[in-house]
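Welcome, and please open the structure in your viewer. Keep the selection tool at hand, and we will walk through a few stops together.

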Amino acid sequence: MSLSPAIQATPLPHRKILRSWLLPISTKNTGLALAMSVADLALFAACMAGAVLARHPAVQLLMGLLAGFMIARLFILGHDACHQSFTPHRRLNRWLGRLLFLPSLTPYSLWDVGHNIVHHGYTNLSGFDFVWQPATLQAYESMPAWKRALERAWRSGWAPWLYYLVEIWWKRLYFPSRAVMPTRRGIFVADGLLVSAAAAVWVAGLVVAAGSTGQSAAWLLAVGFFLPLLVWNGLIGFVVYVHHTHTSIAWYDNKKSWSDANPFVSTTVHLTFNSFFGAALHHIMEHTAHHVDMGVPLYRLKQAQAMLEARLPGHIVVQPFSWRWYFDTARRCKLYDFERRQWTDFAGKPTSESMASAVSPQG
């Protein structure tokens, strides 16, 4: 979906003004946050129990798949807590965030740095925001063959799970190297050890359960540990891809141009689903509102998104989801021409309109 050039040329209000619009609906509710956390933790536990105790392998597989989906829901709650937007209490948010991140094996403090500071601070600014950052044709052609093959896999549309597992979790979250994370803090190590302990307890529990129920330990580890984590990695890889990859969404390699474009609005897609699926993902797809103001709780995002779209007609990319759209986007959004602000294929052939002059100045 393309934005109207005439509407795009109209000034956008400053981010402070946009946030002031959302302030009346940004109140946090501790009781609601705790109830959502308890409910999703209970559902995750029920799925895990089903994966272990169900007597039919097909049911166990289904429970493992559902457990992966529940990991995603728990992570979304923890994501809000990490933004300090879940409850009004900072310390409670920190502890809730760590607890809710455990099933996804996400170290809280490292996610805080990579997501809150880097991704939200520099969304779609190449060299800063590393999440699904596109390469240029020159950079791609200078890569060794194995890295070009990985780049093709990442952007095939079939491997968001592998991208997130390798490029985000392994490289940047789970005991990252000094080259990736030069800053060394004790809390980073502590959070890495915490998720390692959670994984060890999880695996040990499944092995013990296998012996107690007369099942194969390898089978229970497959359906109760590896399958849920695979589903989770697929969901998070998919979500972060579609949030900021679209033929009408620009990337930047110049900080001034990026800032002039009001990136908190212009670099984010509102991907729409039916009401059930949107609610099932805790409304995380109402993503423009989240980037305009990270302080809006997820249980207020639907209202906040609707307000922004009503007040900023034509400025927000709203994309109805379909698998046809998704794979067409994956086919077209391979590399990026930063000079023309245009997506290309792996041969450098343009696959989207140039957005070089489509900058929405702030009012």
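This tour goes through some helices, their contacts and a few single residues in a model that is predicted.

**Stop 1: helix α3**

Start by selecting residues 30–53, which form helix α3. How far apart are the end C-alpha atoms of α3? They are 34 Å apart, and this agrees with the 34 Å that 24 residues should span at 1.5 Å a residue.

Next, colour the buried residues of α3: T30, A33, M36, S37, D40, F44, C47, M48, G50, A51 and V52. What covers them? Show α4, α5 (90–101), α10 (186–213) and α11 (217–244), which are included in that cover.

**Stop 2: α3 beside α4**

Now add residues 57–82, helix α4, to your selection. Two packed helices are described by the angle between their axes and the distance between the axes. For α3 and α4 the angle is about 160 degrees and the axes lie 8 Å apart. An angle over 145 degrees counts as roughly antiparallel, and α3 and α4 are therefore roughly antiparallel to each other. Turn the view until one helix lies in front of the other: α3 passes α4 in a left-handed crossing.

Which residues meet here? Show the side chains on the α3 side, among them M36, D40, F44, C47 and M48, and on the α4 side, including Q60, M63, M70, R73 and L77. Sorted by class, this contact has 15 nonpolar, 4 polar and 2 charged residues.

**Stop 3: α4 beside α6**

Keep α4 and select residues 108–121, which are α6. Here the axes are 10 Å apart and the angle is about 75 degrees. Are α4 and α6 roughly parallel or roughly perpendicular to each other? With an angle in the range of 65 to 115 degrees, α4 and α6 are therefore roughly perpendicular.

From α4, pick F75, H79, A81 and C82; they meet Y108, W111, D112, H115 and N116 in α6. By class, the contact of α4 with α6 holds 5 nonpolar, 3 polar and 1 charged residues.

**Stop 4: F75 and H79**

Zoom in on F75 in helix α4. F75 has a relative accessible area of 3%, so F75 is buried. Leaving aside neighbours within four places in sequence, F75 is in contact with L100, F101, S104, T106, W111, W232 and I236. For a look further along the chain, select T268 too: F75 and T268 are 193 residues apart in sequence, and their C-alpha atoms are 20 Å apart in space.

Then move to H79, also placed in helix α4. Is H79 buried or exposed? Its relative accessible area is 4%, so H79 is buried. Not counting residues up to four places away in sequence, H79 touches F101, W111, H115, I284 and H290.

**Stop 5: two loop residues**

Go on to N124, in the loop between α6 and α7 (137–141). What is the phi of N124? It is positive, about 65 degrees, although N124 is not a glycine. N124 has 0% relative accessibility and therefore counts as buried.

Finish at F175, in the loop between α9 (160–173) and α10. F175 is a residue other than glycine with a positive phi, near 50 degrees. Its relative accessibility is 39%, so F175 counts as partly exposed.

Note on methods
Residues numbered from 1 in each chain as written. Predicted model: local features only at pLDDT ≥ 70, side-chain atom pairs only at ≥ 80, totals over all residues. Heavy atoms only, no water. Axes fitted to C-alpha atoms, helices over the stretch in contact; angles between N-to-C directions. Helix = DSSP H or I, 4+ residues; strand = E, 2+ residues; numbered from the N terminus. Parallel < 35°, antiparallel > 145°, perpendicular 65-115°, else oblique. Left-handed = near helix turned anticlockwise from the far one by under 90°. Contact = heavy atoms within 4.5 Å. Nonpolar A, V, L, I, M, F, W, Y, C, P; charged D, E, K, R; others polar. Buried < 20%, exposed > 50% of the residue type's maximum accessible area, 1.4 Å probe, protein only. Expected span 1.5 Å × (residues − 1).
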